[in-house]
Amino acid sequence: MKAITCEMCGSNDVVKQDGFFVCQHCGTKYSVEEAKKLMIDGTVDVSGSTVKIDSSMELQNLYELARRARNDNDSEKASHYYDRITVIDPSSWEAYFYATYYRSKLGKINEIGSNANRLCNSEESIFKLIKENITNPDEQKKTVDEVATKLREVSAFLFQVYDEYYHRQKYPLSMLVQSQQNYVHNCVPARNIVYNAGDLIIKIFGDDYGDIAVACWKIGIDENKKMSWVTNDMDTVGKEYREKISKHDPSYQIPQVKSGCYIATAVYGSYDCPQVWTLRRFRDYSLSKTWYGRAFIYTYYAISPTLVEWFGKTIWFKDMWKPKLDRMVERLKRGGFADTPYQDRSW
């Protein structure tokens, strides 16, 4: 004989009450005959014979428990209670959003990317629920701002957790490339939470919500800046979102990123000095023009930050690299690469 499983929601929490067997999760109740059939066959026709009881009191209790868990910052309980609400009231933006929001904060360190992707994929449905169910303009915008604020917070939280985790590790050289790939796999989805949120806010609610979208995009650009040392896409992404932001905030200036030349910067003591200006020109106007040059740049960016982090402040590291770099800089200058002040270019 099988345990009773509710046909409506799949819960096994079915209790006998007043001559019926009542699902404690969704409120569906079964007669004794139907309960016996569920225990023997595992199925029963719920289309007409069962009765859905009034669940308003249960909803009220679940919302109270869920909001209490939110106030206590208890992600596990909040996610659990909001999940239960979505079964009873699938039109609730609050339940759908916060169930997904808190689930994204649970899990292991290497699940950050998948959790962030799951939240990102749910954003359009969440904003559409708000659009469909909140008609008062002021209340609607207030709700969108609430959700966007939480999305910015969780994006920053997930990004910071993995970024700090990565930089605490001491990876052997044989694992550097894989570790960089893991970094991108987890940090890019965290960043995309806010990029996608801003895009959807404009798409669904229009330019009147531009200030909320811009706040999201700015967080994305800040996070992109922090990982530009490994992704090398700051110029491309920055240009795209600078154009979006400037439509609503013309005074905004995208943060400038000093990317690359890690070893040279460590050796010469500055990213902005004549020798490094020459090397940066060579990178942007020569190496980046060929596929093998770009492959070298990618490999250099994958390895050199860790080398500099480990050895960049040691005397032997600088003594080893300075003569080589000096000779290279002199050759490049003879080849026409100037040592005057330089701003990095897109490539």
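**Exercise 1. The hairpin of strands 1 and 2**

Find which residue in the hairpin of strand 1 and strand 2 takes a positive phi, and describe how the two strands are joined.

*Solution.* Begin with the turn of this predicted model: the hairpin has 2 residues between its strands, and Asp-18 takes a positive phi near 50° there. Next, look at the strands on either side, where strand 1 covers residues 14-17 and strand 2 covers residues 20-23. The two run antiparallel and are joined by 4 bridges. Finally, identify a facing pair, and Gln-17 is found to stand opposite Phe-20 in strand 2.

**Exercise 2. Arg-152 and its surroundings**

Determine whether Arg-152 is buried or exposed, and state which residues it contacts once neighbours within four places in sequence are left aside.

*Solution.* First place the residue: Arg-152 belongs to helix 6, which spans residues 137-168. Its relative accessibility is 18%, and because buried means under 20%, Arg-152 counts as buried. With the neighbours within four places in sequence set aside, the contacts of Arg-152 are Val-194, Ile-212, Ala-215, Cys-216 and Ile-219. One of these partners, Cys-216, is itself buried, with a relative accessibility of 0%. As a last step, compare sequence with space for another residue: Gly-220 lies 68 residues from Arg-152 along the chain, while the C-alpha to C-alpha distance between them is 8.6 Å.

**Exercise 3. Ser-79 in helix 3**

Assign Ser-79 to its helix, then work out whether the residue is buried or exposed and what it touches beyond its sequence neighbours.

*Solution.* The helix in question is helix 3, running over residues 75-88. The relative accessible area of Ser-79 is 4%, which is under the 20% limit, and Ser-79 is therefore buried. Leaving aside residues within four places in sequence, Ser-79 has contacts with Ala-99, Tyr-102 and Arg-103.

**Exercise 4. Cysteines and the chain as a whole**

State how many disulfides the model contains, and then summarise the burial, contacts and surface of the protein chain.

*Solution.* A disulfide is a covalent bond between the sulfur atoms of two cysteines. Requiring a pair of cysteine sulfur atoms within 2.5 Å, the count comes to 0 disulfides. Cys-273 is nevertheless buried, at a relative accessible area of 9%. Turning to the whole chain, there are 14 helices and 4 strands, and 44% of the 347 residues count as buried. Of the contacts between residues at least 6 apart in sequence, 65% join residues at least 24 apart. The accessible surface comes to about 18200 Å², and carbon and sulfur atoms account for 52% of that area.

Note on methods: Residues are numbered from 1 along each chain as its sequence is written. This is a predicted model: local features need pLDDT of at least 70, side-chain atom pairs count only at pLDDT 80 or more; totals for chains, interfaces and linings use all residues. Side-chain values use heavy atoms; hydrogens and water are left out. Buried means under 20% relative accessible area, exposed over 50%, partly exposed in between (1.4 Å probe, protein chains only). Contact means heavy atoms within 4.5 Å. Accessible areas come from the Shrake-Rupley method with a 1.4 Å probe; for residues, only the protein chains shown count as cover. Two strands pair if DSSP finds at least two bridges between them.
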